[in-house]
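Visitor: I am new to this structure, and I would like a close look at a single part of it. Please take me through the open and enclosed spaces and what surrounds them.

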Amino acid sequence: MKKNISVAVVIISLLMLPTVSFAEGYFAIGGGTGGKADAPNLTLEIGEVSTDREHNRLLSIGLGFIFNADDVPSGTLEYPVPHSDYTNLGTRQKGNEYALFGKYGLEIIKNKGLFVFALGGLSFSEEIELAQSNATGWYYEQSSSNKVNGMFGGGLSYFPLNNKISLQLEYDNRRGITGGVGFRW
């Protein structure tokens, strides 16, 4: 429940991002795969971009949803093995991974709408210590912990000057290659 509330607060905060210092706001959606997570991802991003100034900039914040295959067998009991006759199966990721990141970019060719950017953020997942009872064959969650991973990467964004659509291609260490399409207002 806390995770759902946290995601809702972040989404509302993204929608309230001020556009005071930039000319246009934009929303983008993207997807891809790869990186250390080695799983498909979906990305939602909101930001601001200027394309008509002396030094044009891009600033955004985004949410990433990394759809990891659950490494935990179905029917795993969410408590430690109640006896001492078991085999420890190691650490496994439980469920999906969520990312929160920011981007900052500069236009690389003056007044052409092509930006190079850097991104940084964090991803969050849950890991468990998995064990199997030798007596029953049942799986148990010996312990659980939240894992935080650093995210870093970069990419290119293209905001055609007389068009409301934008395109972007990026790479980061957690999500891998991600492409996106956006809309400016």
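Guide: The second largest pocket of this predicted model is lined by 15 residues, and those that lie nearest its centre are Ala-37, Asn-68, Ala-69, Asp-71 and Gln-93. The space in this second largest pocket comes to about 170 Å³. Strand S4, which covers residues 86–107, provides the largest share of the pocket's lining, namely four residues. Sorted by class, the lining of the second largest pocket holds seven charged residues, five nonpolar ones and three polar ones.

From this pocket we can turn to the enclosed space. The structure holds one cavity of 30 Å³ or more, and the volume of the largest cavity is about 50 Å³. Its lining is formed by Ala-28, Ile-29, Gly-30, Thr-43, Glu-45, Gln-168, Glu-170, Thr-178, Gly-179 and Gly-180. At least two residues of that lining come from each of S1, strand S2 (41–49), S7 and strand S8 (176–184). In the lining of the largest cavity, six residues are polar, two are nonpolar and two are charged.

Among the lining residues of the largest cavity is Gln-168, which belongs to strand S7, residues 165–172. Is Gln-168 buried or exposed? Gln-168 has a relative accessible area of 11%, and because buried means under 20%, this residue counts as buried. The side chain of Gln-168 is joined to that of Ser-157 by a polar contact of 3.1 Å. With neighbours within four places in sequence left aside, Gln-168 is in contact with Tyr-26, Ala-28, Glu-45, Lys-103, Leu-156, Ser-157, Thr-178, Gly-179 and Gly-180.

Two of these contact partners, Tyr-26 and Ala-28, lead on to the largest nonpolar core, to which both belong. That core has eleven residues in all, the others being Val-49, Leu-58, Ala-99, Phe-101, Phe-115, Phe-117, Leu-119, Met-151 and Phe-159. Strand S1 (24–33), strand S4 (86–107) and strand S5 (114–133) are the elements that give two or more residues to this core, and S5 gives the most, with three. Ala-28 therefore appears in two settings, since it is listed in the nonpolar core, a set of buried residues, and also in the lining of the largest cavity.

Leu-119, another member of the core, is in contact with Gly-102, Lys-103, Met-151, Phe-152, Gly-153, Gly-154, Glu-170, Asp-172 and Arg-175, once its neighbours within four places in sequence are left aside. Of these partners, Met-151 is itself part of the core, whereas Glu-170 is one of the residues that line the largest cavity.

Technical notes. Residues are numbered from 1 along each chain as its sequence is written. This is a predicted model: local features need pLDDT of at least 70, side-chain atom pairs count only at pLDDT 80 or more; totals for chains, interfaces and linings use all residues. Side-chain values use heavy atoms; hydrogens and water are left out. Buried means under 20% relative accessible area, exposed over 50%, partly exposed in between (1.4 Å probe, protein chains only). A polar contact is a pair of N or O atoms within 3.5 Å; within protein, one must be able to donate a hydrogen and the other to accept it, and residues adjacent in sequence count only if both atoms are side-chain atoms. Contact means heavy atoms within 4.5 Å. A nonpolar core is a set of buried Ala, Val, Leu, Ile, Met, Phe, Trp, Tyr and Cys residues joined through side-chain atoms within 4.5 Å. On a 1 Å grid over the protein atoms alone, a cavity is a set of points where a 1.4 Å probe fits but cannot get out, and a pocket is an open set with protein on both sides within 12 Å along at least five of seven lines; lining residues have an atom within 4 Å of a point. Grid points are joined across faces, edges and corners, and a volume is the space filled by probe spheres set on the points. Ala, Val, Leu, Ile, Met, Phe, Trp, Tyr, Cys and Pro count as nonpolar, Asp, Glu, Lys and Arg as charged, and the others, Gly among them, as polar.
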